[in-house]
Amino acid sequence: MASSIRVDCNFLFEFLVPNRKYEKLADVDEEFISEYSSQVGEFWTVKDPKGQLHTIRYKYNRRLDRPRIIGGWMELRDFYSLEGNCLVLFRYLGGSEFNIYILDHNKKQISYDYSPAPIHPPFSSSYIAQCDIQLTTTMVTGYKLTLPPQIGALVRRSGSQKYHLIGPSGHSIGCNVFAPQNQGSTKLGNGWRNFCRVNEVQANDILTFKFTSLEDGIVHVFIERPIA
């Protein structure tokens, strides 16, 4: 369970969230939610000491019992390559905005440098499938991207639950796959918005997704920006 600490009066509330290696969710301080639930929204914007922004999603039941971060936590961990146990300090600024500070196992702050997962497969000229998507503003700012039906069907049949998108930045960004069994739209979920931010994707950009394999989880993404 997260625990509270108070240091000075330049913020409204502060609480620690333990990062545990194999947990995809994180508990939020119940005292904080009890006091500020009417002020915070479902989506929180958090900023680290270097000014890097992240979006996370939290949820609690009607009794305010066990509030939890349910979205964006894994992406936050991937961004800073957090492994093992550490502490994430949330400093509440008001509304749905927070500053975060991450302490390693020695209780020292990390560097906050972006630490992408290593890219093992090289870019390949041999692709088994690809698709082009011209993005709208909603696609760029949203949390999910719907894949074209033909590619979506292939991804669904592959059973893959996560892809690593490698864009022009060279960083590998993990995106969860939402592939309903009822033949609904297949989507890239958690991680998509982070991919757009890291690669400075804009509305009207044309993204080409190229799959070397539908099972290995690697997708190379090429971006074409139309001339205005």
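# A tour of the aromatic rings

Start by selecting Tyr112, which counts as buried at 4% relative accessibility; bear in mind throughout that the model on your screen is a predicted one. Add Tyr80 to the selection, a residue that is likewise described as buried, with a relative accessible area of 5%. The ring centres of Tyr80 and Tyr112 lie 6.1 Å apart with their planes at 85°, so this pair is edge-to-face, since an angle over 60 degrees places it in that class. The pair joins distant parts of the chain, with Tyr80 in the loop between α2 (73–79) and β7 (86–94) and Tyr112 in the loop between β8 and β9 (129–134), 32 residues apart.

Now widen the view, for the structure holds 21 aromatic pairs in total. Select Phe32 and Phe98, an edge-to-face pair whose centres are 5.7 Å from one another and whose planes make an angle of 65°. Here too distant parts of the chain are linked, because Phe32 belongs to helix α1 (residues 30–36) while Phe98 belongs to strand β8 (residues 97–103), 66 residues apart. Phe32 counts as buried at 0% relative accessibility, and Phe98 is buried as well, with a relative accessible area of 1%.

Keep Phe32 and Phe98 selected and add Phe13, Phe15, Tyr36, Trp44, Tyr58, Phe90 and Tyr92, and you will have before you a cluster that is linked by ring pairs.

Finish with two places where a charge meets a ring. At Phe178, look for Lys144, which lies over the face of the ring at 4.2 Å from its centre; then move to Phe222, where the charged end of Lys210 sits over the ring, 5.1 Å from the centre.

Definitions and conventions. Residues numbered from 1 in each chain as written. Predicted model: local features only at pLDDT ≥ 70, side-chain atom pairs only at ≥ 80, totals over all residues. Heavy atoms only, no water. Phe/Tyr/Trp six-rings, centres within 6.5 Å; stacked < 30°, edge-to-face > 60°. Helix = DSSP H or I, 4+ residues; strand = E, 2+ residues; numbered from the N terminus. Buried < 20%, exposed > 50% of the residue type's maximum accessible area, 1.4 Å probe, protein only. Lys NZ or Arg CZ within 6 Å of the ring centre and 35° of its normal.
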